[in-house]
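Work through the exercises below with the sequence and the model open side by side, and try each task before reading its solution.

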Amino acid sequence: MRRSEIRNHLLETALRLFNQHGYHATGIDLIIAEAGVAKTTLYRHFETKEDLILAVLERRDEQDRDAMRAYVEQRTKDPVERLLATFDFLEAWFRDEHFRGCIFMSAAGEHKETVNPVFQAAVLHKRLSLAYFEELAHAARVAEPKRIAAEMNMLHEGATAVAQMSRDVEPARQAKQMATQLLATEARSAVAPVS
């Protein structure tokens, strides 16, 4: 394998193991054994376990956000429907047999100090996700895009947390229903006559 292929293989192996077992419970020896590489090979690519975790989170951040954007754009051109399509994306994710919850929530939970680089990487992912919801809310021309984006984000985070425990797709459907009602209320208040 070429150097880039080895690095990718290590990242994919680590991601799978972190998702299955958690960050602290997944040791370097397990990653090496599962990847089928020598310890020196792993350390040639990642100086520390924290470096490996950060690389995994960076890759997953890009993958997740790109996947949601592509899914939403393929589903509909209507700006309001795009906000709602993000919940369909959630439902598809919850249905995946490898779904174990949000690896960013898990990372922040296991690396609790706010100054920890792993915690900061998780926070960055959540900020970028919120920025995407804000972009969609602006396109939908809602009166208060920041507030709507924050509420959509809260629905996503809540649905993900519930789905992590229930291993069911229903939280995505319920969150979409709540988002639909929220957007309908926004639309009504935008056209309501001023008394």
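**Exercise 1: a helix and its cap**

Find the residue that caps the N-terminal end of H5, and give the distance on which the assignment rests.

Solution. Asp-78 is the capping residue, since one of its side-chain oxygens lies 3.1 Å from the backbone nitrogen of Val-80; a polar contact is a pair of N or O atoms within 3.5 Å, where within protein one must be able to donate a hydrogen and the other to accept it, and residues adjacent in sequence count only if both atoms are side-chain atoms. The model is predicted, so that local features need pLDDT of at least 70 and side-chain atom pairs count only at pLDDT 80 or more, while totals for chains, interfaces and linings use all residues. Residues are numbered from 1 along each chain as its sequence is written, and side-chain values use heavy atoms, with hydrogens and water left out.

Next, check the length of H5, taking helices as DSSP runs (H or I, at least four residues) numbered from the N terminus. With 1.5 Å a residue, the 17 residues of H5 should span 24 Å, and the end C-alpha atoms are 25 Å apart, which agrees; the expected span is 1.5 Å times one less than the number of residues.

Finally, list burial, where buried means under 20% relative accessible area (1.4 Å probe, protein chains only). The buried residues of H5 include Leu-83, Leu-84, Phe-87 and Phe-94.

**Exercise 2: a loop residue**

Decide whether Thr-26 is buried or exposed, and name its contacts.

Solution. Thr-26 belongs to the loop between H1 and helix H2 (28–35). Its relative accessible area is 0%, and therefore Thr-26 is buried. Leaving aside residues up to four places away in sequence, Thr-26 touches Leu-17, Phe-18, His-21, Ile-31 and Lys-49, contact meaning heavy atoms within 4.5 Å.

**Exercise 3: the largest pocket**

Describe the largest pocket by its volume and its lining.

Solution. The volume is about 470 Å³, that is, the space filled by probe spheres set on grid points joined across faces, edges and corners. A pocket is an open set of points on a 1 Å grid over the protein atoms alone where a 1.4 Å probe fits, with protein on both sides within 12 Å along at least five of seven lines, and lining residues have an atom within 4 Å of a point. The lining has 25 residues, and Asp-64, Met-68, Phe-89, His-125 and Ser-129 lie nearest the centre. H4 gives the most to this lining, with eight residues.

How values were computed:
Helix = DSSP H or I, 4+ residues; strand = E, 2+ residues; numbered from the N terminus. Buried < 20%, exposed > 50% of the residue type's maximum accessible area, 1.4 Å probe, protein only.
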